[in-house]
Amino acid sequence: MAYPTITTQPQAMAQPMNQRMWSSGTFGCFDDMGSCIIGALCPIVLACRVAGDLGESSCVPCCVPGSVIVMRTQMRTRYNIQGSIMDDCVMANFCGHCILCQMAREMDYVRRVGTQ
């Protein structure tokens, strides 16, 4: 059986030109005191809320290892927000509570003004 000869290698995909920034900063926790308090005192509750807002099961944060990274990447992809998986990983590992609050604020923003 003959196999086709590969003559060119796949190229990296270019990032879309019209990606937007997050609607609020990573450390903008005090912009929404409700999310800030929940994120600081009981982050799993906020993570479950964000998962539900993304259309996922609220059990995802409890059952899926690395769920915050997965949800952040899903949110960035769905709403065309700048960033990379590596950024998501670093932020989740070093600023997990803050990015949970940021994701909750982003979902509020999307509900308020829609996606861009």
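## A walk through an all-helix chain

At 18% relative accessibility, Asn-80 counts as buried, because the cut-off for that word is a relative accessible area under 20%. The model in which Asn-80 is seen here is a predicted one. Asn-80 sits in the loop that runs between α4 (67-78) and α5 (85-94), and its phi is positive, at about 55°, although the residue is not a glycine. Most residues other than glycine have a negative phi. A positive phi also occurs after α2, where Gly-55 follows the helix with a value near 85°.

From this one loop we can step back to the whole chain. There are 6 helices and 0 strands, and reading along the sequence gives the pattern α-α-α-α-α-α. Of the 116 residues in the chain, 39% are buried. The chain exposes about 7400 Å², and carbon and sulfur atoms supply 64% of that area. When contacts with a separation of 6 or more are considered, residues 24 or more positions apart account for 66% of them.

One example of parts that meet across the sequence begins in the segment before α1, which is where Trp-22 is placed. Trp-22 has a relative accessible area of 15% and is therefore buried. The C-alpha atoms of Trp-22 and Ile-81 are separated by 6.2 Å, although the two residues are 59 residues apart along the chain. Leaving aside the neighbours within four places in sequence, the contacts of Trp-22 include Arg-72, Met-75, Arg-76, Gln-102 and Met-103, as well as Ile-81 itself.

The next element is helix α1, which covers residues 33-41. Its buried residues are Ser-35, Cys-36 and Gly-39. Seen down the axis of α1, these buried residues fall within an arc of 100°, so they line one face of the helix. Among the elements that cover them are α2 (43-53) and α6 (96-113). Ile-37, which also belongs to α1, has 45% relative accessibility and therefore counts as partly exposed. Together with Phe-30, Met-33 and Leu-41, Ile-37 forms a nonpolar patch on the surface, and the accessible area of these four residues is about 470 Å² together.

Helix α2 comes after this, and its buried residues are Leu-46, Ala-47, Cys-48, Val-50 and Ala-51. What covers the buried residues of α2 includes α1, α3 (60-63), α4 and α6.

Val-50 leads us into the interior, where the largest nonpolar core has 26 residues. Val-50 is listed with Leu-54, Met-71, Met-75, Tyr-79 and Met-103 as the residues that have the most contacts inside this core. The elements that give two or more residues to the core are α2, α4, α5 and α6, and α6 gives the most, with 9 residues. Two of the residues named for their contacts inside the core, Met-75 and Met-103, are also in contact with Trp-22.

The last part of the picture concerns charged side chains. Side chains of opposite charge can pair when their charged atoms come close. A search of the whole structure finds 7 salt bridges. Which residues are linked with Arg-49 in a network of salt bridges? They are Asp-53, Asp-108 and Arg-111, and the links can be followed one by one.

In the salt bridge between Arg-49 and Asp-53, the closest N and O atoms are 3.9 Å apart. These two residues are 4 residues apart in helix α2, which means that they are separated by about one helical turn. An α-helix has 3.6 residues a turn, so residues three or four places apart point the same way. Arg-49 counts as partly exposed, at 30% relative accessibility, and Asp-53, at 27%, counts as partly exposed as well.

Arg-49 also forms a salt bridge with Asp-108, with the closest N and O atoms 4.0 Å apart. Because Arg-49 lies in helix α2 and Asp-108 in helix α6, this pair ties together parts that are 59 residues apart in sequence. Asp-108 is partly exposed, with a relative accessible area of 25%. The side chain of Asp-108 meets that of Arg-111 in a further salt bridge, at 2.5 Å from N to O. Both of these residues lie in helix α6, where they are 3 residues apart, about one turn of the helix.

Note on methods
Residues are numbered from 1 along each chain as its sequence is written. This is a predicted model: local features need pLDDT of at least 70, side-chain atom pairs count only at pLDDT 80 or more; totals for chains, interfaces and linings use all residues. Side-chain values use heavy atoms; hydrogens and water are left out. Buried means under 20% relative accessible area, exposed over 50%, partly exposed in between (1.4 Å probe, protein chains only). Contact means heavy atoms within 4.5 Å. Accessible areas come from the Shrake-Rupley method with a 1.4 Å probe; for residues, only the protein chains shown count as cover. Patches are made of residues with over 30% relative accessible area and no salt bridge: like charges are joined within 9 Å, nonpolar side chains (Val, Leu, Ile, Met, Phe, Trp, Tyr) within 5 Å. The arc is that of the directions from the helix axis to the C-beta atoms. A nonpolar core is a set of buried Ala, Val, Leu, Ile, Met, Phe, Trp, Tyr and Cys residues joined through side-chain atoms within 4.5 Å.
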